[in-house]
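Here are some short exercises to work through with the model open beside you. Try each task before you read its solution.

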Amino acid sequence: MGRMGNFNIDGLKKFRDELNKLQDPDKFVEACAKELAARLLRMVVKRTPVGEYPKSSGKKGGTLRRGWTGEKRSSAQNYADSLTVHHFGDTYVIEIVNPVEYASYVEYGHRTANHKGWVKGKFMMTISKQELEKIAPKVLENKIKKYLGGCLK
């Protein structure tokens with residue numbers, strides 16, 4: 001009878017160990033959700049208008065813009081990493097809120113003080129969300145490739 005040859009199983013054991021690292025998909029999905037949240041925050045912060053006031057008024061603009069990161073002077077990525085990811089069935093949700101009381105008026109528009117006109121909304125969150133929806137598949141695809149590439153080297 002002929003010989004089958006030599007076979008080294010060490011490579012298969014290493015491959016099995018790397019695949020076992022994929023056993024915690026929730027952690028990976030949460031990282032993906034936080035990455036998308038950080039990108040959304042970066043877009044919406046750039047798009048948020050800053051009030052300009054005369055120096056004599058003593059007012060400082062940028063309250064609405066700073067509100068997106070909870071008045072913290074942190075990057076969008078650091079703030080997104082601090083947010084909680086809620087898991088409902090097969091859906092992962094991160095809630096991004098601007099607590100500034102007039103944020104919705106700037107977003108969607110409002111009547112003027114004399115009730116005779118309308119100030120158009122800036123739609124900073126709406127437009128940013130639409131842009132994120134366009135790029136999200138590519139971002140997630142790259143993140144998945146990187147994740148699997150690290151495990152399957």
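**Exercise 1. Find which residues have the most contacts inside the largest nonpolar core, and which helices supply it.**

Step 1. The largest nonpolar core has 25 residues, and L41, W68, I94 and I96 have the most contacts inside it. A nonpolar core here is a set of buried Ala, Val, Leu, Ile, Met, Phe, Trp, Tyr and Cys residues joined through side-chain atoms within 4.5 Å; buried means under 20% relative accessible area, exposed over 50%, partly exposed in between (1.4 Å probe, protein chains only).

Step 2. At least two core residues come from each of α2 (25-47), α4 (76-82), α5 (103-108) and α6 (124-151). Helices (H or I, at least four residues) and strands (E, at least two) are DSSP runs, numbered from the N terminus.

Step 3. The largest share, 8 residues, belongs to α2.

A note on the model: it is predicted, so local features need pLDDT of at least 70 and side-chain atom pairs count only at pLDDT 80 or more, while totals for chains, interfaces and linings use all residues. Residues are numbered from 1 along each chain as its sequence is written, and side-chain values use heavy atoms, with hydrogens and water left out.

**Exercise 2. Describe helix α2 and the setting of E35.**

Step 1. Helix α2 has 23 residues and reaches 33 Å from its first C-alpha to its last, close to the 33 Å expected at 1.5 Å a residue (the expected span is 1.5 Å times one less than the number of residues).

Step 2. Its buried residues include F28, C32, L36, L40 and V44.

Step 3. E35 lies in α2 and counts as buried because its relative accessibility is 16%.

Step 4. Beyond residues up to four places away in sequence, E35 touches Q77, V139 and K143 (contact means heavy atoms within 4.5 Å).

**Exercise 3. Is L132 buried or exposed, and what is it in contact with?**

Step 1. L132 sits in helix α6.

Step 2. With a relative accessible area of 11%, L132 is buried.

Step 3. Leaving aside neighbours within four places in sequence, L132 is in contact with L36, R39, L40 and M43.

Step 4. L132 and K116 are 16 residues apart in sequence and 36 Å apart in space, C-alpha to C-alpha.

**Exercise 4. List the contacts of I94.**

Solution. Setting aside neighbours within four places in sequence, I94 is in contact with A33, K34, A37, L83, T84 and V85. As Step 1 of the opening exercise showed, I94 is also among the residues with the most contacts inside the largest nonpolar core.
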